[in-house]
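Colleague: I would like to understand how the words used for helix packing are justified. Could you take me through them slowly?

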Amino acid sequence: GRVNVKTGEFQPVVQGGQPIGAKPKPLTDAQSKANLFGTRMRESNRILNDLEGKYEPLAVNAKMAAAEVPLVGGITGYAGNLMLSKEGQQAEQAQRDFVNAVLRRESGAVISPSEFANAQKQYFPQQGDDKEVLEQKRRNRALAIEGLEGEVPGGFKSTPTLTNPGSTGGDTGNKEIKKVP
């Protein structure tokens, strides 16, 4: 590159409009998985933060528990879903995506209902949680995300995000996806 000694400005050498230099190494399998699971967790967390205070955690938890009832879970889960607000349905989906990403990353195995319920209590608002506990859970989610991002050289690679209407929490989801040779 070139440095302007008067201004200190650095300009990379370019060829055909593209900077010349070492090409980044492709991600390893473990780094690719960390990127995949971590970006899912980050996006789910963004949605949950946007929805905070706009849905009832008790309703989401009751619907999820109803869906696990043997023999009738499908029917009760469907009925419970109809009773959730739009925000409640979005929160449930974001919680499921976050927990699935965390637990699949950790074990790679099928997630039991008890494991899922435990992670849900660990990371998400529950009826009666006070302000300090909610902040602790918010920070717990952020730490889980940061842990995975640290495994990816240079941080998470850009991935498309889900659009959450009315979102104020970051990316709007308007990304162009291009095939990289």
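Modeller: Let us begin with one pair of helices: Lys121, Gln122 and Tyr123 in α5 meet Lys137, Asn140, Arg141 and Ala144 in α6, where contact means heavy atoms within 4.5 Å, and helices are DSSP runs (H or I, at least four residues) numbered from the N terminus. The residues of this contact divide into 2 nonpolar, 2 polar and 3 charged; Ala, Val, Leu, Ile, Met, Phe, Trp, Tyr, Cys and Pro count as nonpolar, Asp, Glu, Lys and Arg as charged, and the others, Gly among them, as polar. This is a predicted model, in which local features need pLDDT of at least 70 and side-chain atom pairs count only at pLDDT 80 or more, while totals for chains, interfaces and linings use all residues. Residues are numbered from 1 along each chain as its sequence is written, and side-chain values use heavy atoms, with hydrogens and water left out.

Colleague: Why are α5 and α6 called roughly perpendicular to each other?

Modeller: The axes of α5 (residues 113–123) and α6 come within 7 Å and cross at roughly 110°, with axes being lines fitted to C-alpha atoms, for helices over the stretch in contact, and angles running from 0 to 180 degrees between N-to-C directions. Angles under 35 degrees count as roughly parallel, over 145 as roughly antiparallel, 65 to 115 as roughly perpendicular and the rest as oblique, and α5 and α6 are therefore roughly perpendicular.

Colleague: What angle do α1 and α6 make, and what is their arrangement called?

Modeller: The axes of α1 (residues 29–51) and α6 (residues 131–149) come within 9 Å and cross at roughly 155°, which makes α1 roughly antiparallel to α6. Among the residues that meet are Phe37, Met41 and Leu48 in α1 and Arg141, Ile145 and Leu148 in α6. By class, the contact of α1 with α6 has 7 nonpolar, 3 polar and 4 charged residues.

Colleague: Which residues line the largest cavity, and what makes it a cavity?

Modeller: On a 1 Å grid over the protein atoms alone, a cavity is a set of points where a 1.4 Å probe fits but cannot get out, and lining residues have an atom within 4 Å of a point. The structure holds 1 cavity of 30 Å³ or more, and its lining consists of Leu48, Glu52, Tyr55, Pro125 and Arg141. That lining divides into 3 nonpolar, no polar and 2 charged residues. Arg141 thus appears in the lining, and also in the contacts of α6 with α5 and with α1.

Key:
On a 1 Å grid over the protein atoms alone, a cavity is a set of points where a 1.4 Å probe fits but cannot get out, and a pocket is an open set with protein on both sides within 12 Å along at least five of seven lines; lining residues have an atom within 4 Å of a point. Grid points are joined across faces, edges and corners, and a volume is the space filled by probe spheres set on the points. Helices (H or I, at least four residues) and strands (E, at least two) are DSSP runs, numbered from the N terminus.
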